[in-house]
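Work through the exercises below with the sequence and the model at hand. Each task is followed by a solution in steps.

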Amino acid sequence: MYKPKKIKKDPDYISTEEFMNIISPFACHDLTLKVGKIQFHVNKKQLMDASPVFKQMLSADFKEKNAKEITLKGKDPGAFGLFLRYTLPGFEEDELKETDAHLILPIAHEYQTEKTLTRIDASLTECSTAMADSLTSEQVIDSIIEAEFFGLSEYLETCIKIASHKTYNALAKNENFNEISKDTRYTISMKRWEELDDAYRRNQTRIFMIQN
């Protein structure tokens with residue numbers, strides 16, 4: 001007769017970070033965040049661990065410290081709900097789509113949620129890399145401005161590389177071109193210069209091989 005294995009009362013795995021993330025959606029919801037007409041029930045400790053801004057708000061001498069419900073004004077409930085889903089533990093396997101990444105980026109930046117910002121950086125980098133030269137000059141400029149403003153380093157580096165494939169006139173005629181920092185404009189120019197030099201050297205090598 002089959003006898004089930006005896007299970008420890010507190011098996012070792014329950015203290016691992018992976019297991020805690022798995023069960024985190026079922027943690028005690030001891031704080032309500034009200035955005036518009038929507039209420040989001042969250043675990044205060046998880047929120048504080050994810051965001052130094054919320055940690056300051058909920059632990060220092062602010063009116064929110066002992067509040068059970070906090071109203072957050074001027075935010076879109078849909079965007080904020082996505083922000084929580086991609087920020088709080090338990091949903092790490094969810095794919096962060098490009099549209100959602102752009103949508104939650106300002107909120108993640110406001111609340112300084114570094115892990116969320118890293119996920120956004122990776123998502124936008126991957127999307128830009130996939131689209132690469134199919135992006136218009138206007139799209140590349142807007143992406144660079146976004147990456148600079150929110151401090152997304154990988155996304156910025158990818159967009160600089162794409163911009164270096166554009167002609168100067170194609171970029172400069174855009175009214176937003178000068179909103180890009182001088183340092184980044186310089187980097188784009190230098191990268192394009194290097195690429196032109198590489199292309200020239202490859203062409204010279206090809207000519208030499210043909211002639212000999």
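**Exercise 1. The chain as a whole**

How many helices and how many strands are there in the chain? Give their order and describe the burial and the surface of the chain.

Solution. The model is a predicted one. Counting the elements gives ten helices and three strands. Read from the N terminus, they follow the order α-β-β-α-α-β-α-α-α-α-α-α-α. The chain has 212 residues, and 35% of them count as buried. Its exposed area is about 14500 Å², of which carbon and sulfur atoms supply 54%. For contacts between residues at least 6 apart in sequence, 62% join residues at least 24 apart.

**Exercise 2. The sheet**

What is the order of the strands in the sheet, and which strands stand at its edges?

Solution. Step 1: take the pairs. β1 and β2 are paired antiparallel over five bridges, whereas β1 and β3 are paired parallel over three bridges.

Step 2: assemble the order. The three strands form an open sheet, β2-β1-β3, with mixed pairing. β2 and β3 (69–71) stand at the edges, and each has a single partner strand, so one side of each has no neighbour in the sheet. From one strand to the next, the twist averages 25 degrees.

Step 3: check the register. V35 is opposite I38 in β2, and T32 is opposite E69 in β3.

Step 4: look at the cover of β1. Four of the five residues of β1 are buried, and the strand is mostly covered.

**Exercise 3. Two positive phi values**

Find the residue with a positive phi in the hairpin of β1 and β2, then locate Q112 and decide whether Q112 is buried, partly exposed or exposed.

Solution. Step 1: the hairpin of β1 and β2 has two residues between the strands, and G36 there takes a positive phi near 65 degrees.

Step 2: most residues other than glycine have a negative phi. Q112 is not glycine, yet its phi is positive, near 55 degrees.

Step 3: Q112 sits in the loop between α5 and α6. Its relative accessible area is 41%, so Q112 is partly exposed; the partly exposed class lies between under 20% for buried and over 50% for exposed.

**Exercise 4. Helix α4 and what surrounds it**

Which residues of α4 are buried, and which elements cover them?

Solution. Step 1: α4 spans residues 77–87, and its buried residues are A79, F80, F83, L84, Y86 and T87.

Step 2: the cover over these buried residues includes β1 (31–35), β2 (38–42), α2 (44–50), α3 (52–59), α5 (98–110) and α6 (114–131).

Step 3: place α4 on the strands. The helix lies across β1 and β2 and runs at about 10 degrees to β2.

Step 4: inspect the N-terminal end. D76 caps α4 there, with a side-chain oxygen 3.1 Å from the backbone nitrogen of G78.

**Exercise 5. The crossing of α4 and α5**

How do the axes of α4 and α5 cross, and which residues make the contact?

Solution. Step 1: the two axes come within 9 Å and cross at roughly 85 degrees. Because of this angle, α4 is roughly perpendicular to α5; that class covers 65 to 115 degrees.

Step 2: list the contact residues. α4 contributes A79, F80, L82, F83 and Y86, and α5 contributes D100, L103, I104, I107 and A108. Among the α4 residues, A79, F80, F83 and Y86 also belong to the buried set of that helix.

**Exercise 6. A pair apart in sequence**

Where is E126, is it buried or exposed, and what is its distance from T158?

Solution. Step 1: E126 is in helix α6. Step 2: its relative accessibility is 59%, so E126 counts as exposed. Step 3: E126 and T158 are 32 residues apart in sequence, and their C-alpha atoms are 8.9 Å apart in space.

Conventions: Residues numbered from 1 in each chain as written. Predicted model: local features only at pLDDT ≥ 70, side-chain atom pairs only at ≥ 80, totals over all residues. Heavy atoms only, no water. Buried < 20%, exposed > 50% of the residue type's maximum accessible area, 1.4 Å probe, protein only. Contact = heavy atoms within 4.5 Å. Areas by Shrake-Rupley, 256 points an atom, 1.4 Å probe, with all protein chains shown as cover. Polar contact = N/O pair within 3.5 Å; in protein donor to acceptor, adjacent residues only side chain to side chain. Pairing = 2+ DSSP bridges. Axes fitted to C-alpha atoms, helices over the stretch in contact; angles between N-to-C directions. Parallel < 35°, antiparallel > 145°, perpendicular 65-115°, else oblique.
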